[in-house]
Amino acid sequence: MPDLTQGPKDRMLARRVATAGVGAPVLIAAIWFGGWALLAVVLILSASGAVEFRRLATLAGYRISVVVLAGTLLFPLLAAAGRWTDAGVLAVGLVLAAAAASLVSPHRVAAPRHAAATALGVFYVGALFAHLILMRGALGPAVTLVVVGLIWANDTAAYFAGGAWGRRKLAPSISPGKSVEGFLAGIAAAVGTAAVLAFLMDWPLGSLAGIGLGVALAAVAGDLWESALKRRAGVKDSGALLPGHGGVLDRFDAVLFGVPAGYYLWRWLL
């Protein structure tokens, strides 16, 4: 029974915390142990994300090929098999398949935009989620958890600081709830967390601070990009799988951009 003494924001926050309390340990354990556990989690997230992307795209007027969109799952499988060098070949094949599928549909007059939307969905969900496996395999579980932790630090600080002190809108046309104050607090939290980790782990301070800044900026971009998708579709959430958060894309929008950014920045700077 809901607690009637709580307001809607309090109940929403309670659901967010409860969901995170269950989901975060699962993701942390999967990253730590890797192997089949991480592959299973990433495949579930990719499949759910692909379903949500198709819903958003359909609501926005795009015709998505379900068969081609299923190719989303091939990117995590390639990463897990150590065959990421074949991702380029897969990408070419999926673009050709998306174009061919759009030509045989009843909506072929708008084939280019439908094919582009299908290909985008495959890369946005599949290729970006696959970087969780790619990073864990190349840089190890500790580094992967550090990057995910920087994303969470950015998210958490932006959420609470924005709620408490947010006055100026960051991107009102696509995400009216986000503020400049929350954005700055999130950036500060990510860079500060990176600096503390550099001190504790004896890592180069400048490089870690740069990675923290890059990951935080990418996370914000991922958040705004997913908001733009929802705004175009005319919905508040991408799904309802995660109580208090919405769908998988709602919860992992920052991870989808932040983890690839962290992966490449770590390889370049350290």
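**Helix packing and salt bridges in the predicted model**

Ala91, Leu94, Val95, Ala98, Ala99, Ser102 and Leu103 on the α5 side make contact with Ala111, His114, Ala115, Thr118, Ala119, Val122 and Phe123 on the α6 side. Sorted by type, the residues of this α5–α6 contact come out as eleven nonpolar and three polar, with no charged ones. Two packed helices are described by the angle between their axes and the distance between the axes. Here, helix α5 covers residues 87-103 and helix α6 covers residues 111-139, and their axes come within 8 Å while crossing at roughly 145°. The crossing of α5 and α6 is right-handed.

A word on confidence fits in here, since the structure is a predicted model. The average pLDDT of the chain is 94, and 97% of the residues reach at least 70. Helix α4 (residues 74-80) comes out highest, with a mean of 98, and helix α1 (residues 8-33) comes out lowest, at 88. Where pLDDT is low, the predicted coordinates should not be read in detail.

Charged side chains come next. The count of salt bridges is seven. One of them joins Asp86 to Arg83, with 2.7 Å from N to O. Both ends of this bridge have some exposure: Asp86 is partly exposed at 24% relative accessibility, and Arg83, at 45%, is partly exposed too.

Another salt bridge pairs Asp223 with Lys178, at 3.1 Å from N to O. Asp223 sits in helix α9 (residues 205-233) and Lys178 in strand β2 (residues 175-179), so this pair ties together parts of the chain that are 45 residues apart in sequence. The two partners fall on either side of the 20% cut-off for being buried: Asp223 has a relative accessible area of 19% and is buried, whereas Lys178, at 23%, is partly exposed.

Helix α9 also takes part in the bridge between Asp250 and Lys230, where the N to O distance is 2.8 Å. Asp250 belongs to helix α10 (residues 248-269) and Lys230 to helix α9, so to speak two distant parts of the chain, linked across 20 residues. Asp250 and Lys230 are both buried.

That bridge does not stand alone, as Glu226, Lys230 and Asp250 are linked in a network of salt bridges. Glu226 is another residue of helix α9. How buried or exposed is Glu226? With a relative accessibility of 1%, Glu226 counts as buried, because that value is under 20%. Leaving aside residues up to four places away in sequence, Glu226 touches Tyr124, Ser238, Leu249, Asp250 and Asp253. Asp250 therefore turns up twice around Glu226, as a contact and as a member of the salt-bridge network.

A last detail concerns the backbone just ahead of helix α9. Which residue other than glycine has a positive phi, near 60°? That residue is Asp202, found in the loop between α8 (180-201) and α9. Asp202 is exposed, with a relative accessible area of 69%, whereas Glu226, in helix α9, is buried at 1%.

Conventions. Residues numbered from 1 in each chain as written. Predicted model: local features only at pLDDT ≥ 70, side-chain atom pairs only at ≥ 80, totals over all residues. Heavy atoms only, no water. pLDDT = per-residue confidence, 0-100. Helix = DSSP H or I, 4+ residues; strand = E, 2+ residues; numbered from the N terminus. Salt bridge = Lys/Arg side-chain N within 4 Å of Asp/Glu carboxyl O. Buried < 20%, exposed > 50% of the residue type's maximum accessible area, 1.4 Å probe, protein only. Axes fitted to C-alpha atoms, helices over the stretch in contact; angles between N-to-C directions. Left-handed = near helix turned anticlockwise from the far one by under 90°. Contact = heavy atoms within 4.5 Å. Nonpolar A, V, L, I, M, F, W, Y, C, P; charged D, E, K, R; others polar.
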